[in-house]
Amino acid sequence: MLDIHYFREHFEEVKQRLATKHFACDCEVVRQLDQQRLSSRKTFEAARAQQQAESKKMGTVDKTAAELQTILQKLKTLSKEAKTLEMTHKADENAFQEAWLTVPNLPDPSVSTGKTSQENQERKQWHPENEDFSRSCPHYELPGFENGIDFNRGTKVMGAGFPFYVGPVARLVRALIAFFLEKARDHGYTELLPPLLVNTASATATGQLPDKEGQMYVARKTVIDDKNQPSKLIDEGYLIPTAEVSVTNFFRDEILSEEDLPKKYCAYSPCFRREAGSWGKDVRGLNRLHQFDKVELVQWVHPEAGRDTLPSLVKEVENLLQALELPYRVMEICTGDLGFPHAKQYDLEVWAAGQQRWLEVSSCSWFTDFQARRANIRFREKNGSLRFVHTLNGSGLAIPRVLAAMLENNHCGNGRIRIPAVLEYWLPKEEIIDLQKNG
């Protein structure tokens with residue numbers, strides 16, 4: 001969340017900058033609710049102070065004095081009024097907090113203003129030497145594709161968007177995950193194996209709630225009544241859309257020391273996204289799945305280091321794509337395409353030669369202290385004062401579209417796919433995988 005003091009003191013600036021992100025957030029209403037809760041708190045605290053003053057006065061009065069009953073009656077009235085005012089203040093506070101959670105992060109001033117993804121700006125392209133796409137075709141049309149990636153049986157087991165990876169393709173996916181994790185270790189990241197379910201507080205801390213509630217799968221445990229109907233919610237969890245949610249919350253409600261920064265953790269996890277409203281060519285084959293695998297890179301850094309850390313995070317992801325010999329480009333995201341908690345974001349997209357299109361495989365983002373405020377992650381400076389950290393994360397990398405690009409760009413003909421040399425350690429006997437041979 002934003003710094004409430006900054007919101008109050010720079011309201012017009014905040015309002016204008018947030019308007020460029022095009023989220024359904026009414027800053028005027030939020031300000032009104034803030035003023036209302038401050039006013040009701042002041043009224044309640046004044047009533048409570050008066051009640052306490054009368055209580056002290058009663059202690060000085062002789063218990064046989066005639067005025068004692070008058071004071072007792074006044075205390076009873078003040079107590080009733082204070083309780084009513086307290087309930088009013090709690091309602092005002094809850095209304096404000098609910099509205100406050102709908103306020104997105106401010107875009108960094110360096111982010112270009114735009115309305116849609118069409119206004120994102122390309123910052124870099126990279127192509128390997130001697131690239132040859134002469135035998136390329138869309139990955140879902142490769143000979144033997146269904147042998148290595150079985151969508152039909154995945155649909156039978158769960159539904160569309162939940163494929164099985166089979167035989168050599170399953171081994172290739174495992175090799176990619178291992179490669180990404182080892183490279184992360186080389187860059188100083190500590191590996192985590194995170195929970196795949198998170199609670200409401202965790203999803204709220206990273207900004208998934210209330211922004212993306214409709215895109216997440218929810219697991220609920222309820223009490224069933226005698227009519228076999230759910231009557232009471234006991235527990236609720238969200239399947240993670242990215243390991244960012246679990247990993248960022250690793251330090252929730254903790255105080256780090258300045259000497260410990262930066263903290264760098266990575267995690268592999270399956271990711272689950274409903275992707276409601278997706279259709280057409282964007283969802284064919286591996287382009288958009290409801291369950292997919294990804295390695296996530298997360299950092300907690302000193303506030304003064306946040307801005308400079310983002311380019312280095314992008315470079316780490318670029319190194320992965322170059323090692324895999326995949327053509328890619330780096331896109332700087334404009335304000336209108338910027339995520340809810342994001343202050344600045346770069347997307348990395350690989351070239352899928354068969355489809356003749358770019359596919360996003362990583363988002364590298366800087367959140368300033370927005371997530372840290374929601375998660376209450378602070379650090380103690382050498383002088384003893386407490387400050388919120390800055391958080392960053394990046395996909396390093398998402399498997400399905402990397403796999404799609406590899407299948408399309410490295411097709412040698414007849415469903416045979418060349419494996420990059422960098423994966424030799426994990427696939428020592430498979431310079432080529434043949435999709436037409438299952439097993």
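Two strands are taken as paired if DSSP finds at least two bridges between them. In the predicted model analysed here, this criterion applies to strand S10 (residues 291-301) and strand S16 (residues 390-398), which are joined by 7 bridges and run antiparallel. Within this pair, Lys294 has Ala398 of S16 as its bridge partner.

The S10 and S16 pairing belongs to an open sheet of 8 strands with mixed pairing, arranged in the order S1-S11-S12-S13-S16-S10-S9-S4. The edges are occupied by strand S1 (121-126) and strand S4 (190-192); each has a single partner strand, so one side of each is left without a neighbour in the sheet. On average, and with direction ignored, neighbouring strands of the sheet are turned by 25° against each other. Helix H7 (residues 168-186) lies across S4, strand S9 (263-272), S10 and S16. The angle between H7 and S10 is about 5°.

The backbone geometry was examined next. Most peptide bonds are trans, and most residues other than glycine have a negative phi. Two cis peptide bonds are described here, one leading into a loop residue and the other into a strand residue. The bond from Leu209 to Pro210 is cis, with omega near 5°. Pro210 is located in the loop between helix H8 (200-206) and strand S6 (218-224). Gly396 and Leu397 are likewise joined by a cis peptide bond, for which omega is about 10°. Leu397 lies in strand S16, the strand that is bridged to S10 and that H7 also lies across.

Positive phi values occur at Thr368 and at Asn376, neither of which is a glycine. For Thr368, phi is near 45°. This residue lies in the loop between strand S13 (357-366) and helix H11 (370-375). With a relative accessible area of 16%, Thr368 is buried, because the cut-off for that class is under 20%. For Asn376, phi is about 55°. Asn376 is found in the loop between H11 and strand S14 (378-380). Its relative accessibility is 25%, and Asn376 therefore counts as partly exposed. Helix H11 thus borders both loops, the one holding Thr368 and the one holding Asn376. Strand S13, which borders the loop of Thr368, is itself part of the open sheet, where S13 stands between S12 and S16 in the strand order.

Technical notes
Residues are numbered from 1 along each chain as its sequence is written. This is a predicted model: local features need pLDDT of at least 70, side-chain atom pairs count only at pLDDT 80 or more; totals for chains, interfaces and linings use all residues. Side-chain values use heavy atoms; hydrogens and water are left out. Helices (H or I, at least four residues) and strands (E, at least two) are DSSP runs, numbered from the N terminus. Axes are lines fitted to C-alpha atoms, for helices over the stretch in contact, and angles run from 0 to 180 degrees between N-to-C directions. Contact means heavy atoms within 4.5 Å. Buried means under 20% relative accessible area, exposed over 50%, partly exposed in between (1.4 Å probe, protein chains only).
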